[in-house]
Amino acid sequence: METETQITRRAHAPSLKLSLTHAMFPSLIVGTVAERNLALGGKAVQSTTNSGLGVAQNAIDGNRQSIHALGSCSVTNGDKDPWWRVDLLDVYRVTRVSITNRGDCCEKRIEGIQIRIGNSLENNGNNNQAATVGPIPLGDTKTFEFKPVSGRYINLIVPGRNEYLTLCEVEVYRIFAPCKSAYRY
Ligand SMILES: [Ca+2]
């Protein structure tokens, strides 16, 4: 059952921020814009929460610490098809997701994890389009790149079994298109 009380930092307005930057400081923007982790400032929820140490927003707190006891990982109960989701609060063309696995035990729990990206909350967002994933070693951060998938919701799900889903950090990036009109004036 989704618990909307598991909420991370809220408001951000990336599109507005970028256009203002372009308009006000055109010469500064060219070639200097760093990729922004879209998950930071999003809103995270998960199928269930194992304990206060494993709340959903721990996976988007900007910290890859992989020792569960240090409180920077999300953990569900042993749910059937456990899932975790971040709402980016806007639609982006996502091309890359980095996932940090738990490092103190339980490497295999994340086996078979899938990324789903889209704008629908049908089946808690788990029916959205799937993106490529692969194995993630103990405590490692693995980056998965794929063709752009448009969406506001990023789901991670371990389908087909009862499992504890543990995520120590999830980072989301979009395709970056340079501002071609920077020198128009
Ligand atoms: Ca974390």
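Start by selecting strands S1 (43-46) and S3 (83-100) in this predicted model. The two strands run antiparallel and are joined by four bridges. To see one place where they meet, pick Val45, which stands opposite Arg85 in S3.

**Follow S3 to its other partners**

Keep S3 selected and add strand S6 (141-157). Here 13 bridges link S3 with S6, again in an antiparallel arrangement. Click on Asp87 and then on Tyr153 in S6, its bridge partner.

Now add strand S8 (169-174). S3 and S8 are paired over six bridges, also in the antiparallel sense. A good pair to highlight is Val97 with its bridge partner in S8, Val172.

**Step into the nonpolar core**

Next, show side chains for Ala59, Ile154, Leu167, Val170 and Val172. These belong to the largest nonpolar core, a set of 35 residues, and they touch the most other members. Which strands each supply at least two residues of this core? Colour S1, S3, strand S4 (114-118), S6, strand S7 (162-167) and S8 to see them. S3 gives the most, with eight residues.

Zoom in on Ile154 and display what surrounds it. Leaving aside residues up to four places away in sequence, Ile154 touches Arg85, Val86, Leu88, Val94, Val97, Ile115, Ile117 and Val172. You have already visited some of these: Arg85 is the residue opposite Val45, while Val97 and Val172 are bridge partners.

**Stop at two backbone oddities**

Select Leu89, which sits in strand S3. Its phi is positive, about 70°, although Leu89 is not a glycine. Is Leu89 exposed, partly exposed or buried? It counts as partly exposed because it has 16 C-beta neighbours inside 10 Å.

Then move to Asn123, in the loop between S4 and strand S5 (129-131). Asn123 is another residue other than glycine with a positive phi, this one near 50°. With 13 C-beta neighbours inside 10 Å, Asn123 also counts as partly exposed.

**Visit Arg36**

Go back along the chain to Arg36, in the loop between helix H2 (26-29) and S1. Arg36 is partly exposed, because it has 17 C-beta neighbours inside 10 Å. Now select Tyr173 as well. The two residues are 137 apart in sequence, and their C-alpha atoms are 6.7 Å apart in space.

**Zoom out**

Clear your selection and look at the whole chain. What does it contain in terms of helices and strands? There are two helices and eight strands, and along the sequence they follow the pattern α-α-β-β-β-β-β-β-β-β. Of the 185 residues, 37% are buried. Among contacts in the chain with a separation of 6 or more, 77% are between residues 24 or more positions apart.

**Finish with confidence colouring**

Finally, colour the chain by pLDDT. The mean is 82, and 76% of the residues reach 70 or more. Which elements mark the two ends of the range? Helix H1 (residues 14-24) has the lowest mean pLDDT among the elements, at 38, whereas S1 has the highest, at 98.

Select residues 1-32, where pLDDT stays under 50 and the model has 36 contacts beyond four places in sequence. Then select residues 179-185, where pLDDT likewise stays under 50 and there are eight such contacts.

How values were computed. Residues numbered from 1 in each chain as written. Predicted model: local features only at pLDDT ≥ 70, side-chain atom pairs only at ≥ 80, totals over all residues. Buried ≥ 20, exposed ≤ 12 C-beta atoms within 10 Å, placed from the backbone. Contact = placed C-beta atoms within 7 Å. Core = buried A, V, L, I, M, F, W, Y, C linked by C-beta atoms within 7 Å. pLDDT = per-residue confidence, 0-100. Pairing = 2+ DSSP bridges.
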